[in-house]
Amino acid sequence: MATIVGSPTANEKQTARGADLVCVALERAGADVIFGYPGGASLPIYDALPDHPGLRHILVRHEQGATHMADGYARATGRAGVVLVTSGPGATNLVTGLANAMMDSIPMVAITGQVATAVMGRDAFQETDVLGVVMPVTKHAYLVRKTEDIIPTILRAFEVAHQGRPGPVLVDIPKDVLNGTAPISNETWTWKRQSVDPDPIEITRAAELLAAAQKPLIISGHGVRLASAHAELRTIAERLDAPVAMTLLGIGGFPEDHALAGGMLGMHGNAPTNRAVNDADVILAVGIRFDDRVTGKISAFAPKARIIHIDIDPTQIGKNVVTTVGIVADAKSALKALIDKLAPSRKPKWRDVIAERRERARPRLAASEER
């Protein structure tokens with residue numbers, strides 16, 4: 001898992017301005033691109049950036065755009081996107097992008113300037129309770145009150161953004177803290193993909209259900225891609241001879257030209273896949289949150305199926321649909337454990353039904369694409 005470790009450096013006993021400490025922390029966290037828009041409370045950081053050529057700043061035209069660009073950067077690289085904006089409206093303009101990252105499990109670190117600590121709570125120019133505003137749409141939010149806390153707080157923000165279910169974290173830093181001086185502390189941050197191992201008892205229960213299934217179906221969600229569990233998903237699908245449906249964010253987790261690929265399900269999915277959900281007797285849902293665009297009417301979703309739900313976020317298990325087996329784990333480790341418990345099986349009748357429905361739907365899909 002992600003850890004913050006002490007590692008003495010040549011600069012250990014040197015002092016620097018808080019703004020430079022922000023840049024040092026970003027460098028130690030492995031950041032190389034910052035998306036931002038300057039303002040009064042964040043100007044000390046912009047003043048320090050030229051002294052840190054390893055940090056490339058992308059100037060945006062609106063703070064919300066910075067969050068969406070950082071979101072895209074994180075999706076493409078797997079590393080937290082970094083946002084830098086000022087206080088007041090600069091910080092409040094982040095809300096939509098933070099909420100999007102929170103819902104889609106995208107790691108992001110947003111650094112916001114804040115008014116000086118001496119005038120906080122006095123309605124100073126562009127003062128806003130940023131932590132109060134963003135708390136519902138972030139994994140965590142920090143207010144840094146001491147210059148010496150800048151490096152450890154920012155490194156901790158990167159750790160929180162990546163660990164467990166990824167998401168956005170905000171660090172609010174008052175202007176006087178950025179202008180203050182403190183020793184360059186020795187914290188560094190090393191990121192490694194966190195693997196949460198599943199409960200062996202739940203794995204055994206899930207394996208027994210899947211082994212007895214006559215019409216198994218796998219639903220692949222975003223968690224498969226976040227955990228890089230593509231190979232494991234393909235192995236278990238082939239071992240079970242089970243078709244694979246995908247959520248919108250799960251597209252790409254399973255090859256679409258594979259014989260077991262069922263396409264997207266839900267409101268915007270295709271009819272054969274939704275019919276397969278209705279007919280399945282056991283569903284293995286991996287890294288999904290069962291939102292309403294997937295389930296439609298909850299009481300009518302998968303009426304014949306017992307559901308096995310794998311998710312790294314324990315709050316998602318049983319939240320929207322009744323779950324027979326809930327496995328709190330990283331998708332990759334959970335699927336590996338299941339593979340070890342399952343013998344290869346074949347379901348020719350079930351596969352033939354799925355293939356026939358897909359073929360019947362193909363002319364309608366082609367006609368729809370032509371229109």
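This section describes two parallel sheets of a predicted model, the helices set against them, and the aromatic pairs. Residues are numbered from 1 along each chain as its sequence is written, and side-chain values use heavy atoms, without hydrogens and water. Local features need pLDDT of at least 70 and side-chain atom pairs count only at pLDDT 80 or more, whereas totals for chains, interfaces and linings use all residues.

One open sheet has six strands in the order E4-E3-E5-E6-E8-E7, with parallel pairing; strands and helices are DSSP runs (E, at least two residues; H or I, at least four) numbered from the N terminus, and two strands pair if DSSP finds at least two bridges between them. Strand E4 (56-59) and strand E7 (140-143) stand at the edges with a single partner strand each, so one side of each is left without a neighbour in the sheet. Neighbouring strands of this sheet are turned by 20° against each other on average, direction ignored; axes are lines fitted to C-alpha atoms, for helices over the stretch in contact, and angles run from 0 to 180 degrees between N-to-C directions. E7 pairs with strand E8 (residues 168-174) in the parallel sense over four bridges, and Leu143 stands opposite Asp172 in E8. Helix H7 (residues 150-162) packs on the sheet and touches strand E5 (81-85), strand E6 (108-114), E7 and E8, contact meaning heavy atoms within 4.5 Å. The direction of H7 makes about 165° with that of E8.

Another open sheet of six strands follows the order E13-E12-E11-E14-E15-E16, and the pairing is parallel. Its edge strands are strand E13 (261-264) and strand E16 (325-328), each of which pairs on one side only. The average turn between neighbouring strands of this sheet is 15°, direction ignored. Four bridges join strand E15 (residues 306-311) and E16 in the parallel sense, with Ile308 opposite Val325 in E16. Helix H11 (residues 230-240) packs on this sheet, where strand E11 (216-220), strand E12 (244-246) and strand E14 (282-286) are touched; the direction of H11 makes about 165° with that of E11.

In H11, the residues Glu232, Leu233, Ile236, Ala237 and Leu240 are buried, that is, under 20% relative accessible area (exposed is over 50%, partly exposed in between; 1.4 Å probe, protein chains only). They cover an arc of only 130° around the axis, which puts them on the same side of H11; the arc is that of the directions from the helix axis to the C-beta atoms. The elements covering these buried residues include H9, E11, H10, E12, E14 and H14. Asp241, just after H11, takes a positive phi of about 60°.

In helix H14 (residues 331-341), Ala331, Ser333, Ala334, Leu335, Leu338 and Ile339 are buried. The buried residues of H14 pack against helix H9 (200-212), helix H10 (222-226), H11, E14, E15 and E16. At the start of H14, a side-chain oxygen of Asp330 comes to within 3.1 Å of the backbone nitrogen of Lys332.

Two aromatic pairs are counted, with ring centres of Phe, Tyr and Trp (its six-membered ring) within 6.5 Å; planes under 30 degrees apart count as stacked, over 60 as edge-to-face and the rest as tilted. The ring centres of Phe35 and Tyr73 are 6.1 Å apart and the planes at 65°, so this pair is edge-to-face. Phe35 lies in strand E3 (residues 33-36) and Tyr73 in helix H3 (residues 63-77), so the pair ties together parts 38 residues apart in sequence. Phe35 counts as buried at 7% relative accessibility, and Tyr73 counts as buried at 14%. The rings of Phe290 and Phe301, with centres 5.9 Å apart and planes at 75°, are also edge-to-face. Both Phe290 and Phe301 are buried.

Notes. Polar contact = N/O pair within 3.5 Å; in protein donor to acceptor, adjacent residues only side chain to side chain.
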